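The following exercises invite a reader new to this structure to work through its strands, sheets and overall build. Each task is followed by a solution that goes step by step.

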Amino acid sequence: MSERIRSNSPNTGFAGLSGLRMRPGAPRRNPIVPQQNVASTALVFVIAIMTFLSCLTLGAVTLVRDTADAWQSQISREATIQIRPEDGFDIEAALEAASRIAEEFTGVVSARVVDREATARLLEPWLGSGLDIDQLPVPRLVVVTIDEGATPDFTAMRDRLVAEIPQATLDDHRNWVDRLITMARTTVTLGLAVLVLMLSATVLTVVFATRGAMAGNGHIIEVLHFVGAEARFIAQEFRKHFLVVGLKGALAGGAAAVAVFIAFGWWSSQNLATPEADQAAALFGRFAIGYTGYAYVAMIVIIIAGLTAITTHMTVVTRLGALDTGYGD
Amino acid sequence: MIRFENVGLRYGMGPEILRDISFHLPERSFQFLSGPSGAGKTTLLRLLFLSLKPTRGLITVFGKDRSRITRRELPGLRRRIGVVFQDFRLLDHLTTYENVALPLRVRGRDEANYRNDVLELLKWVGLGERAHVLPPVLSGGEKQRAAIARALIEQPEILLADEPTGNVDPPLARRLLRLFIELNRSGTAVVIATHDLALMDQVDARRMILANGRLEVYE
């Protein structure tokens, strides 16, 4: 302090109190923005819940998309030649011939005749065990495995098969695959729409919750402003504080979502070969969201924490602008 | 130092709160700003403190035209004007010491450089023993003195005090007044907004009386 005040001290009427001593090990400085208050705690919870729900939605969409892709590639990787039995017709020779014809085409990896035992097993759920397949006019199949990168000319293959074996029909699963692709695309589009809604709701909730929490700090902004703090300093103090709040919430929500995915993955691996798990696996694959899924979760966490900081910055700047430029109130 | 010429102010589309206000606050001057409640004392202080812009007229602050002062220049000018608010505006989560040191801390000054100055000032206003308590446990008079210390820590050229004796008993009010007089003797211009006639009678100083939006100055 300047000499002028020190020299005047005896006249103020307040001086002369007992001597002043700094405590040894003076207390740690309190942060300018209070660390703990009800609004901040509530904000952490809101952010955690919204991040959790966003990550779950994103994980579910990733799961559906990956499963749809898997369905498509599995089904379009195979075609089937079906040969109908007729009286006096050597079906085994026809199967061999069909298999040979198929293998001649480029793009065919292999052609495998489904033998009598395998055919009987396929029919077992409907006709029971101990079935003598020769007593029934059961069509026989040749499974043709296709190179996904270079699909064979199915029209030429079909024409050649019918010309040599009139009882043969070729099913390239095209109709089924087309319908599946349409269904998968619809499901993924719906999922993405839900995700967009969820993320929009998250953004709005985080923005308004942050502004709500900031409202309780209005007096601090005003005091800092009136004691001559630069706008940049005030914004930085609040941004720092709310970035930590946002990170806490977002990390908690993201971690909870990852825990759910890991728990489902574990459950499905523990229940392999049970009817429930088989059903679930048939529909959703292995409940694993993969590295991409985890990267998306990390991205959501970062975006939400950043959003909290940006909202805080904007709120402070707006408030300071109103304090500085007012013509009246 | 601060000059008002035909200044008028209205809030929004409402009537003019202040009309044709003209005065000059010289360096090292001491004045009371008075008038009935609602006369516009606080509004005039806000104009002096650059937190409001006039709707008409010319205000010159430290030689600069108010209408040409940019937002970037405001913090620097505010540091030259100390303000004691009627409601103190102390931050409850900071200790008395931290509240008083706040203007220095927000400028990024190293605490080691100002710790002794702040403690000296706290001692000067009689809060030496209350440096490390939080404002909620301070009495009204102690809060008032903490607010005064905060306004003085940067050694402003002018001190504006809004009803500084409104919350204290007469003996303490007299001691606070003595503090302001000593401050003025050391070179700081002082404006005390008050409607306490008894307080004003204790000092032979310039009186600026606001009534019906107009200002009369009695030298």
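**Exercise 1.** In which sense do strand β2 and strand β3 of chain A pair, and over how many bridges?

Solution. The model is predicted, so local features need pLDDT of at least 70 and side-chain atom pairs count only at pLDDT 80 or more, while totals for chains, interfaces and linings use all residues. Residues are numbered from 1 along each chain as its sequence is written, and chains are lettered from A and ligands numbered from 1 in the order in which they are written. Strands are DSSP runs of E with at least two residues, helices are runs of H or I with at least four, and both are numbered from the N terminus; two strands pair if DSSP finds at least two bridges between them. Strand β2 (residues 108-113) of chain A pairs with β3(A) in the antiparallel sense, over five bridges, and within this pairing Ser110(A) has Thr145(A) as its bridge partner.

**Exercise 2.** Describe what else surrounds β3 of chain A.

Solution. Strand β1 (residues 78-83) of chain A is also antiparallel to β3(A), joined to it by six bridges, with Ala79(A) opposite Val144(A). Strand β3 (residues 140-146) of chain A is mostly covered, since five of its seven residues are buried, a residue being buried if 20 or more other C-beta atoms, placed from the backbone, lie within 10 Å of its own.

**Exercise 3.** Work out the order of the six-stranded sheet in chain B, and find the helices that lie across it.

Solution. The sheet is open, with mixed pairing and the order β6-β7-β8-β3-β9-β10; its edge strands, β6 (81-84) and β10 (214-218) of chain B, each pair on one side only. Inside it, β3 (residues 30-34) and β9 (residues 206-211) of chain B run parallel and are joined by four bridges, where Phe32(B) stands opposite Arg207(B). Helix α1 (residues 41-48) of chain B lies across β3, β7, β8 and β9 of chain B, at about 155 degrees to β7(B), whereas helix α6 (residues 170-185) of chain B lies across β3, β7 and β8 of chain B, at about 155 degrees to β8(B). Such angles run from 0 to 180 degrees between N-to-C directions of axes fitted to C-alpha atoms, for helices over the stretch in contact, and contact requires C-beta atoms, placed from the backbone, within 7 Å.

**Exercise 4.** How many helices and strands does chain B have, and how many of its residues count as buried?

Solution. Chain B has seven helices and ten strands, and 46% of its 219 residues count as buried.

Notes:
Contact = placed C-beta atoms within 7 Å. Buried ≥ 20, exposed ≤ 12 C-beta atoms within 10 Å, placed from the backbone.
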